[in-house]
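User: I would like to go through this structure by asking, for each label, what value stands behind it. Please set each value against its definition before concluding.

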Amino acid sequence: MPKNFMTLQRHIYEGEKRHPEATGELSSLLSDLSLAAKVISLEVNKAGLVDILGFTGDKNVHGEKVKKLDVFAHEIMIKALDHGGHFCVMASEEEEDIIHIPENHEIGKYVLLFDPLDGSSNIDVNISIGTIFSIYRRVTPDGEPGTLEDCLQPGMNQVAAGYIVYGSSTILVYTTGEGVHGFTLDPAFGEFLLSHENIKVPAKARIYSLNEGNYKYWLPGLKKYIKYIQDADNRGRDPYSSRYIGSMVADIHRNLIYGGIFIYPADKRNPSGKLRLMYECNPMAFIVEQAGGRAIDGKRRILEIQPESLHQRVPIYIGSPEAVDTVEKFLRIEDEISSLS
Ligand code: AHG
Ligand code: MN
Ligand code: MN
């Protein structure tokens, strides 16, 4: 019998009660979202048992191979969330255009952007994967179908964001701008229970996470920074540990708890990096900032970037505040040197 009966629903509801103007709508849509998370979690856990492994044969809008579980998660998110009357429009990493609310459904005042399955290259090998979501209030008039303009808002306009890690257990982490809270799914009775209240990222990092296979494409500032954190210095600082899962959700979740920096940089091959502003970087930046961390694209705060397109990519340096401050200095110095030459 659990000692703690603070379910996700109760936590969200109690948070809303502190705001007399709240309508309860955010509670209701986050609870729809948690239902989608439970269904995806169940399917992820069965992945080795049913015919869900392998490719569908299609490519997604980024030209990458789509796996069946990506499609499944994408469809579950839409099915669980398009009929509650909360959203006016949605967008998914797996679909090129915005997703309209079906005609016979009520149109709401919120906008949902999501990465249904993050870390898809890890699906077939039983390694942690996740789902990421980001919620905005619409900017176009109420009652009408939402538009691209509702989706293309800077990250600082988010009203809620979260992720679900499907790991050794399933954990949902969310923020509505009042701290970051984590809930673990109890598989016996299918409820998310509060397990990580008010998560704060350690100020100093112990871990760095990036794909070092891309070393030869890195710019000089990043090469110097990674060398710097690998070197123990005579002030008694140990070198950082390297940990890289290849699922952004799982890498950032670990770094949030232990202290760390996650980097998907701009490099010579991909000046805009790889990760998507709207589905990955903005929600993660909102969560990490709420936990006391920082998230930048090298120069700018991620949350202040004005998006230009739905699937736009940005470089990202995110995590413990002191680590992000340091990498920012290395990148700036390098910029200054190159502007002199
Ligand atoms: P997705 O599965 O949604 O396409 O995201 C994969 C992303 C991210 O989760 C991860 O951090 C990164 O791709 C890994 O990329 P590399 O394989 O280039 O390291
Ligand atoms: Mn992803
Ligand atoms: Mn994905």
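The exchange below takes up the overall fold, the metal sites and a few single residues.

User: What kind of model is this, and how are its parts numbered?

Analyst: This is a predicted model, in which local features need pLDDT of at least 70 and side-chain atom pairs count only at pLDDT 80 or more, while totals for chains, interfaces and linings use all residues. Residues are numbered from 1 along each chain as its sequence is written, chains are lettered from A and ligands numbered from 1 in the order in which they are written, and side-chain values use heavy atoms, with hydrogens and water left out.

User: How many helices and strands does the chain have, and what makes a run count as one?

Analyst: A helix is a DSSP run of H or I with at least four residues and a strand a run of E with at least two, both numbered from the N terminus; on that basis the chain has eight helices and 15 strands.

User: How do you know whether the radius of gyration agrees with that of a compact globule?

Analyst: The radius is taken over C-alpha atoms, and the globule rule is 2.2 Å times the number of residues to the power 0.38. For 341 residues a compact globule would have a radius near 20 Å, and because the chain has 20 Å, the two agree. The C-alpha atoms fill a box of roughly 60 × 50 × 45 Å along the principal axes.

User: What share of the residues is buried, and what share of the contacts joins residues at least 24 apart?

Analyst: Buried means under 20% relative accessible area, exposed means over 50%, and partly exposed lies in between, with a 1.4 Å probe and protein chains only; of the 341 residues, 53% count as buried. A contact means heavy atoms within 4.5 Å, and among contacts between residues at least 6 apart in sequence, 64% join residues at least 24 apart.

User: Which atoms are called donors of the manganese ion (ligand 2)?

Analyst: Donors are N, O and S atoms within 2.8 Å of the metal (3.2 Å for Na, K and Ca), and since water is not among the atoms, sites may look incomplete. The protein donors of ligand 2 are Asp115 (OD), Asp118 (OD) and Glu280 (OE), which lie 1.9 to 2.1 Å from the ion, and along the chain they follow the spacing D-x2-D-x161-E. Aspartate 115 lies in strand β5 (residues 110–118) and glutamate 280 in helix α7 (residues 277–290), so this pair ties together parts that are 165 residues apart in sequence. Aspartate 115 and glutamate 280 are both buried.

User: What makes aspartate 115 a bridge, and which donors does the manganese ion (ligand 3) have?

Analyst: For ligand 3 the protein donors are Glu93 (OE), Asp115 (OD) and Leu117 (O), at 2.2 to 2.3 Å, with the spacing E-x21-D-x1-L. Aspartate 115 is also listed among the donors of ligand 2, and it bridges the two manganese ions, which lie 3.7 Å apart. Glutamate 93, in the loop between β3 (87–92) and β4 (99–100), and aspartate 115, in strand β5, are 22 residues apart and link distant parts of the chain. Glutamate 93 is buried, as is aspartate 115.

User: Why is serine 41 called buried, and why is glutamate 103 called exposed?

Analyst: Serine 41, in helix α2 (residues 25–45), has a relative accessible area of 2% and is therefore buried. Leaving out residues up to four places away in sequence, serine 41 touches Tyr166, Thr170 and Leu185. Glutamate 103, in the loop between β4 and β5, has a relative accessible area of 85% and is therefore exposed.

User: What is notable about phi at asparagine 126 and asparagine 198, and how accessible are they?

Analyst: Most residues other than glycine have a negative phi. Asparagine 126, in the loop between β5 and β6 (129–137), has a positive phi of about 55 degrees and, at 75% relative accessibility, counts as exposed. Asparagine 198, in the loop between β10 (191–196) and β11 (207–209), has a positive phi near 50 degrees, but at 40% relative accessibility asparagine 198 counts as partly exposed.

User: What makes helix α6 mostly covered?

Analyst: In helix α6 (residues 248–258), nine of the 11 residues are buried, among them Met248, Asp251, His253 and Arg254. Just after α6, glycine 259 takes a positive phi of about 95 degrees.
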